[in-house]
Amino acid sequence: MKMHFCIPVSQQRLDALGSRYVLYSVYLDGFLFCRVRYSQLHGWNEQLRRVFGSSLPPFPPKYYLAMTTAMADERRDQLEQYLQNVTMDPNVLRSDVFIEFLKLVQLNTFDIATKKASLDIFLPNERSIPVEILTSDTAERILEVVSHKIGLCRELLDYFGLFLIRFGKEGKLSVVKKLADFELPYVHLASSEVENCKVGLRKWYMDPSLDSMLMDCKAAVDLLYMQAIQDIAKEWAKPTQAQRQNLEALQKEDNQTKEQFLELAQEVRHYGYLQLDPCTCDYPEPGSGAVLSVGNNEISCRISLPDGQTQDTIFQMSGVKCWQVTFLGTLLDVDGPQRTLNQNLELRFQYSEDSHWQWFVVYTKQAFLLSSCLKKMISENTVKLAAENPEMQIEVLEQSKSKKYHVQQSQQKDYSSFLSRKSKTKIAKDDCVFGNIKEEDL
């Protein structure tokens, strides 16, 4: 699937000889990923083409005369589209040419040299495992090191991921983002403006039934057990009083197994869901407070009404046609410390209810994380559908692998994209813009 790359700003700079050039600020999932020149991206594209040939998306052409403002904006948009499209091919994502370049630009952007370092990886029980790394080690590499250290079976790595997690007051926990395989966790921690952030290991799937795939690995069961206890303690999973008593009794029994605990925990409401921080939405009226929980092929919303009451609303993913992340704010002092876009984000999705399509808008700093969860549910649902319909073929693209499954084309309902602030005017005038700026990548 496409990744959430965007280039909302660029700046003119002078090189050592006094010549002007443009420096592009590339953001991934709302966080500054790197700053690069067109010439660097052009050279990278040439290297990729020597390996992958014409399968790559088109790269913006060179201009040999001075660019107008319109031409500069067009190039920025084209570079943004190139970064989004080139990451759709899992073979490109795994290639040394792709990874080594992105490692280098991350290190250079934040002026971090490659050297040995120690990094604490936090488990769901909030205990940490120190690992010796290089500052240039990717999230994929560090996940392999951690998994080896705790005895997690290598073939189960795709079920887990490294996340940027913020630990707040009174034990509150907030998942900030899922780290992409090629991101550098050490650099991310060193450069992030988000306070009290740590790198944490969590499962990365939205379908609770996939727990069954991990039951033969003790380390995997341990991780699921720790995360289940944490989610219940943080009230992300919401057991009834009877369920809570049974789970607590199981924990105290000497002969209980973690598998028994997890089997009972799967019956708990919102088990295995990811809960977002409190946010606002436009349903049932603009400015309504909401808490969203995402998982098991649904978006569950607890909405605060003006009269003090709460309303629970569930949106099934089968009814979601498309969604859109939009950056609403402006970037000030782009050369200064501001390195996130997540202060002014919205995610809106089109949903069918009683054969009527309507838009549901969520204003949340975690819009990109929510979008990643929606993509994950679509992907998992496609794989499940593939197992049930082996006669038709479609390729399902994941970030770290490529697999072919068989499913009906008509079942694909994942349409997502990112809009910068300047596109917001189009949305306000005509919602059909979402039909034209959408991602069809399953």
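## The five-strand sheet

Let's start with an open sheet of five strands, arranged in the order β5-β4-β8-β6-β7 and with mixed pairing. At its edges stand β5 (128-134) and β7 (173-178), each of which pairs on one side only. From one strand to the next, the twist averages 45 degrees. All of this comes from a predicted model, which is worth keeping in mind as you read on.

Within this sheet, strand β6 (residues 160-167) and strand β8 (residues 197-203) run antiparallel and are joined by seven bridges. If you would like a landmark for that pairing, look at Ile165, which stands opposite Lys198 in β8. Helix α5 (residues 139-150) lies across β4 (116-122), β5, β6 and β8. The direction of α5 is at about 130 degrees to β5.

## The protein as a whole

Stepping back, the protein has twelve helices and 19 strands. Of its 442 residues, 53% are buried. Among contacts with a separation of 6 or more, 58% are between residues 24 or more positions apart.

## The three-strand sheet and its helices

Towards the start of the numbering you will find an open sheet of three strands, in the order β1-β2-β3, with antiparallel pairing. Here β1 (5-14) and β3 (31-37) are the edge strands; each has a single partner strand, so one side of each has no neighbour in the sheet. The twist averages 25 degrees from one strand to the next. Eight bridges hold the antiparallel pairing of β1 with strand β2 (residues 20-28), and Gln12 has Val22 in β2 as its bridge partner. Helix α2 (residues 69-86) packs on this sheet and touches β1 and β2, its direction making about 135 degrees with that of β1.

Helix α2 also has a helical partner. It packs with helix α1 (residues 38-52) at an angle of about 35 degrees, the two axes being 12 Å apart. The crossing of α1 and α2 is left-handed. On the α1 side, the contact is made by Tyr38, Leu41, Trp44, Asn45 and Leu48; on the α2 side, by Arg75, Leu79, Tyr82, Leu83 and Val86.

## Helices α7 and α9

Another helix pair to look at is α7 (residues 218-233) with α9 (residues 258-265), whose axes come within 10 Å and cross at roughly 45 degrees. That angle makes α7 oblique to α9, and the crossing of the two is left-handed. Helix α7 brings Val221, Asp222, Leu224, Tyr225, Ala228 and Ile229 to the contact, while α9 brings Lys258, Glu259, Phe261 and Leu262.

## Strand β14 and Met317

Strand β14 (residues 320-327) is largely enclosed by the rest of the structure, because seven of its eight residues are buried. It runs antiparallel to strand β15 (residues 345-353), and seven bridges join the two. One place to see the pairing is Thr326, whose bridge partner in β15 is Glu346.

In the loop between β13 (310-316) and β14 sits Met317. Is this residue buried or exposed? Met317 is buried, with a relative accessible area of 3%. Apart from its neighbours within four places in sequence, Met317 is in contact with Asn297, Glu298, Ile299, Trp323, Leu374, Met377 and Ile378. One of these partners shows how the chain comes back on itself in space: Met317 and Met377 are 60 residues apart in sequence, yet their C-alpha atoms are 7.9 Å apart.

## The cysteines

How many disulfides does the model contain? The count comes to zero. Cys153 makes a good case to check by eye: the cysteine sulfur closest to its own is that of Cys217, at 3.1 Å. A disulfide calls for sulfur atoms within 2.5 Å, so that separation is too far for a bond. Cys153 is partly exposed, with a relative accessible area of 25%.

Cys301 is in no disulfide either, as the nearest cysteine sulfur, in Cys281, is 6.6 Å away. With 1% relative accessibility, Cys301 counts as buried.

How values were computed
Residues are numbered from 1 along each chain as its sequence is written. This is a predicted model: local features need pLDDT of at least 70, side-chain atom pairs count only at pLDDT 80 or more; totals for chains, interfaces and linings use all residues. Side-chain values use heavy atoms; hydrogens and water are left out. Two strands pair if DSSP finds at least two bridges between them. Helices (H or I, at least four residues) and strands (E, at least two) are DSSP runs, numbered from the N terminus. Axes are lines fitted to C-alpha atoms, for helices over the stretch in contact, and angles run from 0 to 180 degrees between N-to-C directions. Contact means heavy atoms within 4.5 Å. Buried means under 20% relative accessible area, exposed over 50%, partly exposed in between (1.4 Å probe, protein chains only). Angles under 35 degrees count as roughly parallel, over 145 as roughly antiparallel, 65 to 115 as roughly perpendicular and the rest as oblique. A crossing is left-handed if the near helix is turned anticlockwise from the far one by less than a right angle, and right-handed if clockwise.
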